[in-house]
Amino acid sequence: MNVGERVRIKESVIFYHHPLHRNEAFDAKGLEGVVVTILTDYKGRPISPNFPVQVEFEVEGAKRPMRAHLKQDELELL
């Protein structure tokens with residue numbers, strides 16, 4: 001998985017920060033987005049984050065795209 005690739009959430013993942021469903025449980029299974037960052041280091045030091053893949057999702061009707069941190073096994077390449 002690389003930065004710029006399109007991905008889809010393949011498992012049931014609950015978000016509470018979806019722009020159109022604030023503070024409500026939103027199942028994001030099937031949502032498609034673009035990989036923005038894969039976290040491997042912080043200020044030059046290696047790290048091992050629990051959710052290393054940052055994905056940006058375009059949400060129709062929202063002012064700006066939504067970003068979320070996910071695991072690689074929760075995503076599939078398109």
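**Overall fold and nonpolar core of the chain**

Residues that lie 24 or more positions apart supply 49% of the contacts in the chain with a separation of 6 or more. This figure, like the others in this section, was computed from a predicted model. The secondary structure is simple to describe: the chain has 9 strands and 0 helices, so that the order of elements from the N terminus reads β-β-β-β-β-β-β-β-β.

Turning to overall dimensions, the C-alpha trace spans about 35 × 25 × 20 Å along its principal axes. The radius of gyration is 13 Å, which agrees with a compact globule, because a globule of 78 residues would have a value near 12 Å. Of these 78 residues, 26% are buried. The surface that the chain exposes comes to about 5,400 Å², and carbon and sulfur atoms account for 47% of that area. As for charge, the chain carries 11 positive and 12 negative charges, whose mean positions lie 6 Å apart.

The interior is best introduced through the largest nonpolar core, which has 15 residues. Within this core, Ile9, Phe15, Val55, Phe57, Leu70 and Leu75 touch the most other members. Two or more core residues come from each of β1 (6–9), β7 (53–57) and β8 (66–70).

Ile9 makes a helpful vantage point on these packing relations. With neighbours within four places in sequence set aside, Ile9 is in contact with Phe15, Phe57, Leu70 and Leu75, among others. The contacts of Ile9 also include the run Ala28, Lys29, Gly30 and Leu31, together with Glu74.

Terms used: Residues numbered from 1 in each chain as written. Predicted model: local features only at pLDDT ≥ 70, side-chain atom pairs only at ≥ 80, totals over all residues. Heavy atoms only, no water. Helix = DSSP H or I, 4+ residues; strand = E, 2+ residues; numbered from the N terminus. Rg over C-alpha atoms; globule rule 2.2 N^0.38 Å. Buried < 20%, exposed > 50% of the residue type's maximum accessible area, 1.4 Å probe, protein only. Contact = heavy atoms within 4.5 Å. Areas by Shrake-Rupley, 256 points an atom, 1.4 Å probe, with all protein chains shown as cover. Lys, Arg positive; Asp, Glu negative; His and termini not counted. Charge placed at Lys NZ, Arg CZ, Asp CG, Glu CD. Core = buried A, V, L, I, M, F, W, Y, C linked by side-chain atoms within 4.5 Å.
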